[in-house]
Amino acid sequence: MLTNPSAKGLGLQLAASGRNVVLVLPLMRADGNPCNEIGSFADAAFLQEYLPEIQAFMFRRRGNFQFGAIGRLGMASFSSGHAALTCFLGNAANQAHPLYLDTLQEAYLFDPHADLVSATLPPLTQVAAWAARGSSGTKVARLYTQNDPAQLAPLLAQLGVTAPGPAPFDAATPDDRNSLTSLPLTSWKDLATKQGGSVPYTVSEQAHHVISALMLTDALRRSQF
C-alpha cells in the first residue's frame with residue numbers, strides 16, 4: 001500500500017485478519033439514484049433469501065450438502081459506496097426486517113467521501129439508528145475517517161464514542177464494539193516517510209484509498225466473527 005494506495009487487497013486483508021468470513025461483493029452500476037446502484041441487494045428480504053443460496057452453491061461445489069443458516073452478517077462501504085449503504089439502512093421496509101434488526105451485526109465505514117464531513121453524516125446517522133435497534137447489545141460499528149471528529153461528536157455520542165483529542169487516534173467504547181479511527185492525511189504521510197515508501201501522500205485522495213486498503217484487516221480483527 002506504500003507504493004499503490006488504490007489497490008484494495010480484499011482477499012489479503014481477509015487472510016491477514018485471521019477471521020473465517022466470506023466476502024460477497026455486489027458489482028455496482030452507475031445510476032443517478034444511488035439507491036438503484038445495487039438493485040435487489042438493497043432489499044433486506046431479497047438478501048435473506050439470496051445469501052443462503054450463495055452459501056449453498058459454494059458448499060455444494062465442494063461436495064458438502066450439510067450446512068447451517070446464515071450466521072453473523074456484516075456490511076462495509078467505501079467512499080461514495082456509503083450512499084448505497086445509507087439507502088439500505090434508511091429503507092423503512094428494511095428497518096422492520098429481521099435481517100436488519102438481528103442478522104446484520106457489524107457495519108464498517110471506510111472514509112465516506114474522503115474529507116467531506118457533510119457526506120459522512122448521512123451514513124453515520126443510519127448506522128447509529130441501526131445500532132440502537134434489534135439485537136443492539138451485540139452490534140459492532142466502526143468508522144475510519146480523515147474527518148475532523150469534532151463535527152461528528154453528536155452522532156458519535158449515540159454510539160458511545162468520544163474523540164480523545166486531536167487526530168490521529170483510535171477511540172472506542174470500553175467493550176470495543178463501537179470505534180472511531182481518525183487518520184488524516186498527515187498521518188499517512190508520516191507513515192510513508194518512516195517506512196520508506198515511494199508514495200508521498202500529498203493529497204487526501206491517496207489517503208482516502210489506502211484507508212480501505214488497510215483498515216478492513218483492523219475491523220475484522222476486532223470483529224465478533
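Four bridges join strand S4 (residues 169-172) to strand S5, and the two strands run antiparallel. This pairing belongs to a predicted model. Within it, Ala171 has Leu180 of S5 as its bridge partner. S4 and S5 form a hairpin with five residues between the strands. Asp176 sits in that loop. Its phi is near 65°, a positive value in a residue other than glycine. Is Asp176 buried, partly exposed or exposed? The relative accessibility of Asp176 is 25%, so the residue counts as partly exposed; the buried class ends at 20% and the exposed class begins over 50%.

Strand S5 itself spans residues 178-182. Five of its five residues are buried, so the strand is mostly covered by the definition of burial as under 20% relative accessible area. The cover reaches both faces. On one side stand Asn178, Leu180 and Ser182. On the other side stand Ser179 and Thr181. Each of these five residues is buried.

S5 has a further pairing, with strand S3 (residues 140-145). Here the sense is parallel, and there are five bridges. Thr145 stands opposite Ser182 in S5. S5 therefore pairs with S4 in the antiparallel sense and with S3 in the parallel sense, each pairing resting on the rule of at least two bridges.

The chain of pairings continues from S3 to strand S2. S2 and S3 run parallel and are joined by five bridges. Glu106 has Val140 of S3 as its bridge partner. S2 covers residues 104-110, and seven of its seven residues are buried. Which strand pairs with S2 through six bridges? Strand S1 (residues 73-78) does, and S1 and S2 run parallel. Leu73 stands opposite Leu104 in S2.

Leu143 offers a closer view of strand S3, in which it lies. Its relative accessibility is 2%, so Leu143 counts as buried. What does Leu143 touch, apart from neighbours within four places in sequence? The contacts are Leu109, Pro112, Thr120, Leu124, Leu152, Ser179, Leu180 and Thr181. Several of these names recur from the strands described above. Leu180 and Ser179, for instance, are buried residues of S5 on opposite sides of that strand. Pro164 makes a useful comparison in distance. Leu143 and Pro164 are 21 residues apart in sequence, and their C-alpha atoms are 15 Å apart in space.

Two loops show further backbone features. The first is the loop between S2 and helix H6 (117-131), where Asp111 is found. Phi of Asp111 is near 50°, again a positive value in a residue other than glycine. Asp111 has 0% relative accessibility, so it counts as buried. Asp176, by contrast, counts as partly exposed at 25%. The second is the loop between helix H7 (153-158) and S4, which holds Pro168. A cis peptide bond joins Ala167 to Pro168, with omega at about 5°.

These details fit into the fold as a whole. The protein has nine helices and five strands. Along the sequence, the elements follow the pattern α-α-β-α-α-α-β-α-β-α-β-β-α-α. How does the radius of gyration relate to that of a compact globule? With 225 residues, a compact globule would have a value near 17 Å, and the protein has 18 Å, which agrees. Along the principal axes, the C-alpha atoms fill a box of roughly 50 × 40 × 40 Å.

Contacts and surface complete the picture. Of the contacts with a separation of 6 or more, 70% are between residues 24 or more positions apart. Buried residues make up 43% of the 225 residues. The exposed area is about 11300 Å², and carbon and sulfur atoms supply 56% of it. There are 15 positive and 16 negative side chains in the protein. The centres of these two sets lie 7 Å apart.

Definitions and conventions: Residues numbered from 1 in each chain as written. Predicted model: local features only at pLDDT ≥ 70, side-chain atom pairs only at ≥ 80, totals over all residues. Heavy atoms only, no water. Rg over C-alpha atoms; globule rule 2.2 N^0.38 Å. Buried < 20%, exposed > 50% of the residue type's maximum accessible area, 1.4 Å probe, protein only. Contact = heavy atoms within 4.5 Å. Areas by Shrake-Rupley, 256 points an atom, 1.4 Å probe, with all protein chains shown as cover. Lys, Arg positive; Asp, Glu negative; His and termini not counted. Charge placed at Lys NZ, Arg CZ, Asp CG, Glu CD.
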